[in-house]
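Here is a brief tour for a newcomer. Look through the sequence and the fold, then read on.

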Amino acid sequence: MTDLDTILNLEGKILQNRRKNLNRLLEKEGLYFGQPRLLKLLKATGGCDQNTLAKETECSKASITCSLNRLEKNGLIIREPSKEDLRRNLIKLTPLGEKKLLAADEILKNTLAGQFKGFTDTELDMMFKLYEKMLKNLKGESE
């Protein structure tokens, strides 16, 4: 039987390699690792404020500010004063931001497809069930 340290070490290597591959590919699009998630939220909401982004991503406001400044500098977002509250800015995607989001989605899809290349449907189903079980355990919902 494989011990937990060996499993956790392997899991760490998988996550590290996935992130390294994603970073390398996203960099070619001028994006950083966490930025596609922000772009996706902005697309889904049609635009929102910085506080909403921080809350939804569970990131600090400082981290969101840094990412937004980079995205704005690269022309992927714009900030507009909110019509309801002029003290707030509404952050929206630009057409270039939408284009980069599509590219990022394709990168993620291809990276994950490559990660699971050669897996059978049965193996994928088993993996899904195992991940569900781990998540329940972490949430304290185990049976």
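## Burial and Thr 57

A residue counts as buried when its relative accessible area is under 20%. The model discussed here is predicted.

Thr 57 has a relative accessible area of 6%, so Thr 57 is buried. This residue lies in helix 3. What does Thr 57 touch, not counting residues up to four places away in sequence? Its contacts are Arg 37, Leu 38, Leu 41 and Ile 64.

## Helix 2

Helix 2 covers residues 35-45. Its buried residues are Gln 35, Pro 36, Leu 38, Leu 39, Leu 41 and Leu 42. They pack against several elements. On the helical side, these are helix 1 (4-28), helix 3 (50-57), helix 4 (61-73) and helix 5 (95-115). Strand 1 (77-81) and strand 2 (89-93) are also packing partners.

Gly 46 comes just after helix 2. Its phi is positive, at about 75°.

## Charges over rings

Two arginines sit over aromatic rings. The charged end of Arg 19 is placed over Phe 33, 4.0 Å from the ring centre. Arg 70 lies over the face of Tyr 32, and here the distance to the ring centre is 4.1 Å.

## The aromatic pair

The structure holds one aromatic pair. Phe 116 and Phe 119 form it, with 5.4 Å centre to centre. Their planes are 75° apart, and the pair is edge-to-face.

Are these rings buried or exposed? Phe 116 has 26% relative accessibility and counts as partly exposed. Phe 119, at 33%, is partly exposed too.

Key:
Residues are numbered from 1 along each chain as its sequence is written. This is a predicted model: local features need pLDDT of at least 70, side-chain atom pairs count only at pLDDT 80 or more; totals for chains, interfaces and linings use all residues. Side-chain values use heavy atoms; hydrogens and water are left out. Rings of Phe, Tyr and Trp (its six-membered ring) pair if their centres lie within 6.5 Å; planes under 30 degrees apart count as stacked, over 60 as edge-to-face and the rest as tilted. Buried means under 20% relative accessible area, exposed over 50%, partly exposed in between (1.4 Å probe, protein chains only). A charge sits over a ring if NZ of Lys or CZ of Arg is within 6 Å of the ring centre and within 35 degrees of the ring normal. Helices (H or I, at least four residues) and strands (E, at least two) are DSSP runs, numbered from the N terminus. Contact means heavy atoms within 4.5 Å.
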